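Work through the exercises below with the coordinates open. Try each task before reading its solution.

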Amino acid sequence: MGELIKFLGVRFFGAMIGLVFILVLAIAMITDLTSYFSDPPEKGAEYALHKEPLDISFASDGVFGRYDNAQLQRGFQVYTEVCSSCHGMEYVAFRNLEDIGYTADQVKVIASRWQVPAINEQTGEATLRDAVPTDRIPSPYANEVAGRAANNNAYPPDLSLIAKNREGGAQYLYSLLVGYQDPYIGYDEDPAELEAKYPGVAPGPGLYHNPYFPNLNLAMPSPISVDGLITYTDETVEPTKEQMAEDVTAFLIWAAEPKADTRKNAGLAVLIFLAFATVLAYLSYRQIWADAKRKVAPKGPLDPEHMAEREEAKDEAAEHGRGVKG
Ligand code: HEC
């Protein structure tokens with residue numbers, strides 16, 4: 001008997017303790033959920049102030065879009081004179097520039113403006129030599145550590161594939177380049193209000209404010225900060241900030257996919273061929289089955305002659321007020 005009471009007691013208290021746990025958890029869940037909905041969590045500055053990329057279109061957009069070599073050359077000029085002091089393009093060899101309309105000789109001259117690491121053949125020591133067309137566009141820094149050391153501990157990423165590996169693609173790149181602003185100008189709130197609402201919205205030391213950058217402040221100073229920063233070789237084009245940003249973005253789109261034009265041309269040719277082949281296939285189907293169809297004559301009740309006879313018989317029967325079956 002004593003054994004039984006002990007056993008029940010253990011069971012009963014065990015179950016009670018479990019129930020209390022469940023109850024406490026349920027209460028906690030309900031209060032958390034109600035407060036989540038009645039008083040939703042504040043969104044941080046990087047959500048509230050972040051802007052979606054501007055809507056800008058490029059000559060190369062869409063199935064029928066093709067690269068505009070004049071624009072790509074201007075973009076390359078912006079890259080050379082502005083961006084290349086911090087960013088390399090390790091997947092673009094100088095000879096690839098022939099694709100955007102430079103001649104082999106021009107490419108040689110262009111390449112020779114860069115220096116790449118080499119070995120001195122006499123002494124075996126590390127040295128630098130002028131680049132040749134087969135070299136890739138080098139990073140200005142010996143390695144990532146050196147790059148970070150020069151840029152407030154942020155590494156300027158390689159730009160060869162940047163148009164493909166950032167959300168928003170080319171639109172994002174363009175917006176980033178033209179989107180630098182004073183953190184306190186361009187938002188509705190006045191500075192004190194803004195700082196109270198979003199502490200730390202202003203860039204820290206060595207950072208710059210840009211609402212298109214995911215966390216609003218980045219270590220790259222506005223690279224295209226004024227109109228007329230460079231003089232285009234093609235003097236008919238005005239080097240405004242927007243123009244330079246658009247041109248260098250177009251160049252980065254090309255760098256990330258230099259064969260897009262060939263791919264689109266091949267795709268269109270294939271589609272036209274397939275459409276033509278479909279028409280041919282349909283015509284030959286008609287041709288091949290033309291005889292065969294005529295030869296397949298239905299027999300029995302489905303024979304058109306029989307059917308016509310039956311219809312006639314029915315009509316006749318109806319006229320004489322009698323029903324005929326089948
Ligand atoms: C003074 C050096 C410097 C120059 C010049 C410069 N950049 Fe940068 N860039 C940086 C640094 C540093 C970063 C990394 C910023 C960070 O992550 O905070 C960066 C980052 C970027 C990014 C990546 C942004 C992202 O989403 O992560 C792009 C794109 C870019 N730069 C494009 C350009 C272009 C185009 C030019 C020329 C018009 C240029 N940069 C000129 C230093 C520079």
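The exercises that follow concern a predicted model.

**Exercise 1. The ligand shell**

Task: Find which residues are closest to the ligand, and which helix gives the most to the shell around the ligand.

Solution.
- Start with the count. The ligand is surrounded by 22 residues.
- Pick out the closest. They are Cys83, Cys86, Ala219, Met220 and Pro223.
- Turn to the helices. H6, residues 169–178, gives the most, with three residues.
- Sort the shell by class. There are 18 nonpolar residues, three polar and one charged.

**Exercise 2. The annotated binding site**

Task: State which residues UniProt lists for "binding site", and work out whether they are spread or clustered in space.

Solution.
- Read the record. The unreviewed UniProt entry lists Cys83, Cys86, His87 and Met220.
- Check the sequence. These residues are spread over 138 residues.
- Check the space. They cluster, with a largest C-alpha distance of 10.9 Å.
- Place one of them. Cys83 sits in the loop between H3 and strand E1 (89–93).
- Add the wider annotation. The unreviewed UniProt entry puts "domain: Cytochrome c" at residues 70–237.
- Describe that stretch. Residues 70–237 are 26% helix and 12% strand, and the end C-alpha atoms lie 10 Å apart.

**Exercise 3. Packing of H3 and H8**

Task: Decide whether H3 and H8 are roughly parallel or roughly perpendicular to each other.

Solution.
- Identify the helices. H3 covers residues 69–81 and H8 covers residues 241–256.
- Take the axes. They come within 7 Å and cross at roughly 100 degrees.
- Apply the cut-off. Angles of 65 to 115 degrees count as roughly perpendicular.
- Conclude. H3 and H8 are therefore roughly perpendicular to each other.
- List the contact. H3 supplies Gln71, Leu72, Arg74, Gly75, Phe76, Val78 and Tyr79. H8 supplies Met244, Asp247, Val248, Ala250, Phe251 and Trp254.
- Sort by class. The contact has nine nonpolar, two polar and two charged residues.

**Exercise 4. Transmembrane regions and domains**

Task: Locate each "transmembrane region" in the UniProt record and give its helix content.

Solution.
- Read the positions. The unreviewed UniProt entry gives residues 12–31 and 266–285.
- Take residues 12–31. They are 100% helix and 0% strand, with end C-alpha atoms 29 Å apart.
- Take residues 266–285. They are 100% helix and 0% strand, with end C-alpha atoms 28 Å apart.
- Set the domains beside them. The domain assignment gives domain 1 (2–41), domain 2 (69–88 + 139–258) and domain 3 (296–326).
- Finish with a distance. The C-alpha centres of domain 1 and domain 3 are 81 Å apart.

Methods
Residues are numbered from 1 along each chain as its sequence is written. This is a predicted model: local features need pLDDT of at least 70, side-chain atom pairs count only at pLDDT 80 or more; totals for chains, interfaces and linings use all residues. A residue is near a molecule or strand if its C-beta atom, placed from the backbone, lies within 6 Å of it. Helices (H or I, at least four residues) and strands (E, at least two) are DSSP runs, numbered from the N terminus. Ala, Val, Leu, Ile, Met, Phe, Trp, Tyr, Cys and Pro count as nonpolar, Asp, Glu, Lys and Arg as charged, and the others, Gly among them, as polar. UniProt positions are given in the numbering used here, feature names are shortened, and annotations may be inferred rather than shown by experiment. Axes are lines fitted to C-alpha atoms, for helices over the stretch in contact, and angles run from 0 to 180 degrees between N-to-C directions. Angles under 35 degrees count as roughly parallel, over 145 as roughly antiparallel, 65 to 115 as roughly perpendicular and the rest as oblique. Two residues are in contact if their C-beta atoms, placed from the backbone, lie within 7 Å. Domain bounds come from an automatic or database domain assignment.
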